[in-house]
Amino acid sequence: MKAAVITEFNAPWQIRDIPRVRPAAGQVAIRVRASGMCGTDVHVHRGLFPLQPPFVAGHEATGEIVEVGPGVTEFQVGDRVGVFWNQKGCGRCEVCQAGRPDRCAEEQTWMQTGGGNSEFMVAWASGCALLPDGVSFEDAAPIFCAGFTVMSGLRNASPVPGERVAVLGVGGLGHLAIQFAKAVGLETVAITSQADKRQELKALGADEVVLAGDDPGAALSAAGGADIVLSTTNSARHISSAFRGLRPGGRLINMGLADGPITIEPMTLMFGQRELRGSTQDERADLREALVHLAQGRVKPLIETYPLEQVNAARERLESGKARYRVVLQHAT
Ligand SMILES: [Zn+2]
Ligand SMILES: [Zn+2]
């Protein structure tokens with residue numbers, strides 16, 4: 001099978017023919033049709049994950065099941081599925097026994113099974129979800145990391161009707177966060193430093209676009225503040241600043257891997273009982289909700305597609321920060 005193999009960190013990925021993967025008990029084999037690229041893939045490229053080359057990355061893959069391993073009862077050949085990050089826990093530890101295998105220290109992810117930048121992949125059946133009818137593989141792929149992450153972020157903010165949500169960092173995650181917040185009926189504010197994005201962000205569903213330089217919190221406060229900030233930026237400084245844009249009772253949900261410590265002023269935290277919460281892909285129901293919004297047309301990822309063979313151009317585009325908004329690799333049928 002053809003695959004984009006990382007043979008060395010910080011070096012071009014190699015398109016190679018490698019042995020076709022077969023599912024073990026509890027796994028399925030998938031003919032990959034689309035594979036989204038994520039900021040995490042840049043970290044992987046740079047060697048920040050505990051992996052030794054050669055390996056195949058890709059944790060936003062969708063495709064068709066071509067083979068089911070022994071013991072798999074919930075899926076069959078021909079099913080259209082996507083694969084998410086935390087596929088399976090050990091089953092026996094405290095968190096697994098408490099029903100949260102996604103929090104298991106021995107979780108199974110693409111790092112154990114192999115990623116989706118490949119003609120075929122295997123995944124644990126417990127790490128797959130059916131695609132709703134009518135959604136394309138390309139549109140669905142980004143839902144399996146970016147979409148799932150921000151849907152969980154929004155749910156973890158416990159929004160109530162009438163609240164105002166601000167999205168900080170409008171990239172692969174943020175452009176979906178705007179759409180999800182709007183889809184569930186909340187007033188939505190996009191915070192950006194790029195004036196030329198204003199029309200695009202309004203078209204995505206932002207009721208208001210706040211232009212901010214280096215102090216998004218001050219700009220947000222001047223614009224009336226927010227009950228919820230969904231933060232997808234990696235800038236610890238901007239996250240710290242944005243916290244000051246929260247209204248009393250406000251919650252900042254941090255989904256980006258901050259580039260340093262986040263500084264919170266004790267008075268801002270204490271008076272007004274504001275909250276800072278970290279959030280990743282959480283309840284399985286959040287993924288389903290994100291897929292339903294996609295299927296019903298309330299949300300649509302804006303993607304740039306590249307054939308698998310152009311994986312390096314795709315990665316460079318992602319690294320440039322210019323991708324609008326998600327890069328998705330397409331696989332020949
Ligand atoms: Zn990701
Ligand atoms: Zn476990």
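Hi everyone. Let's start at one small spot: Gly321, just after helix H12, takes a positive phi of about 80°. Keep in mind throughout that this is a predicted model.

From that glycine, let's step back into the helix itself. H12 covers residues 311-320, and its buried residues are Val311, Asn312, Ala314, Arg315 and Leu318. If you look down the axis of H12, those buried residues fall within an arc of 160°, so they line one face of the helix. As general background, an α-helix has 3.6 residues a turn, so residues three or four places apart point the same way.

What do the buried residues of H12 pack against? There are strands from early in the numbering, namely E1 (2-6), E2 (14-17) and E3 (27-37), together with helix H1 (39-45). Strands E15 (303-307) and E16 (326-330) are also among the packing partners of H12.

Let's stay with those last two strands for a moment. E15 and E16 pair in the parallel sense, over 5 bridges. One of the places to look is Ile303, whose bridge partner in E16 is Arg326. To get from E15 to E16 the chain passes through H12, and this β-α-β crossover is right-handed.

E16 also pairs with E3: here the two strands run antiparallel, joined by 4 bridges. Within that pairing, Gly36 has Val328 as its bridge partner in E16. How is E16 placed relative to the rest of the structure? Of its 5 residues, 4 are buried, so E16 is largely enclosed by the rest of the structure.

Now for a sheet that brings in E1 and E2 again. Three strands form an open sheet in the order E2-E1-E4, with antiparallel pairing. E2 and E4 are the edge strands, each pairing on one side only. Between E1 and E4, which run antiparallel, there are 2 bridges. If you want a spot to click on, Ile6 stands opposite Phe55 in E4.

Next, the metal. Which residues coordinate the zinc ion, ligand 1? They are Cys38 through SG, His59 through NE2 and Cys145 through SG, at 2.0 to 2.2 Å. Along the chain, the donors follow the spacing C-x20-H-x85-C. Cys38 sits in the loop between E3 and H1, while Cys145 sits in the loop between helix H4 (137-140) and helix H5 (146-156), so this pair ties together parts that are 107 residues apart in sequence. Cys38 and Cys145 are both buried.

On to salt bridges. In general, side chains of opposite charge can pair when their charged atoms come close. This model has 25 salt bridges, and I'll pick out a few.

The first one takes us back to H12. Arg46 forms a salt bridge with Glu319, with the closest N and O atoms 3.2 Å apart. That pair links distant parts of the chain, since Arg46 is in the loop between H1 and strand E4 (55-56) and Glu319 is in helix H12, 273 residues apart. Are the two partners buried or exposed? Arg46 counts as partly exposed at 43% relative accessibility, and Glu319 also counts as partly exposed, at 31%.

Another bridge in H12 joins the side chains of Glu316 and Arg315, at 3.9 Å from N to O. Glu316 is partly exposed, at 48% relative accessibility, whereas Arg315 is buried, with a relative accessible area of 4%. Elsewhere, salt bridges that share partners join Arg100, Asp102, Arg103, Arg277, Asp282 and Glu283 into one network.

Then there is Lys182 with Asp207, a salt bridge of 2.7 Å, N to O. Lys182 lies in helix H6 (residues 174-183) and Asp207 in the loop between helix H7 (198-204) and strand E11 (208-211), so the pair ties together parts 25 residues apart in sequence. Both ends are partly exposed, Lys182 at 35% and Asp207 at 34%.

One last stop: helix H9, residues 236-243. It is mostly covered, with 7 of its 8 residues buried. Among those buried residues are His238, Ile239 and Phe243. What covers them includes strands E9 (164-168), E12 (226-231), E13 (246-254) and E14 (275-278), along with helices H8 (216-222) and H10 (266-270).

That's the tour. Thanks for listening!

Note on methods
Residues numbered from 1 in each chain as written. Chains lettered and ligands numbered in written order. Predicted model: local features only at pLDDT ≥ 70, side-chain atom pairs only at ≥ 80, totals over all residues. Heavy atoms only, no water. Buried < 20%, exposed > 50% of the residue type's maximum accessible area, 1.4 Å probe, protein only. Arc of directions from axis to C-beta. Contact = heavy atoms within 4.5 Å. Salt bridge = Lys/Arg side-chain N within 4 Å of Asp/Glu carboxyl O. Pairing = 2+ DSSP bridges. Right-handed = clockwise from strand over helix to strand, strands pointing away. Donors = N, O, S within 2.8 Å, 3.2 Å for Na, K, Ca; no water.
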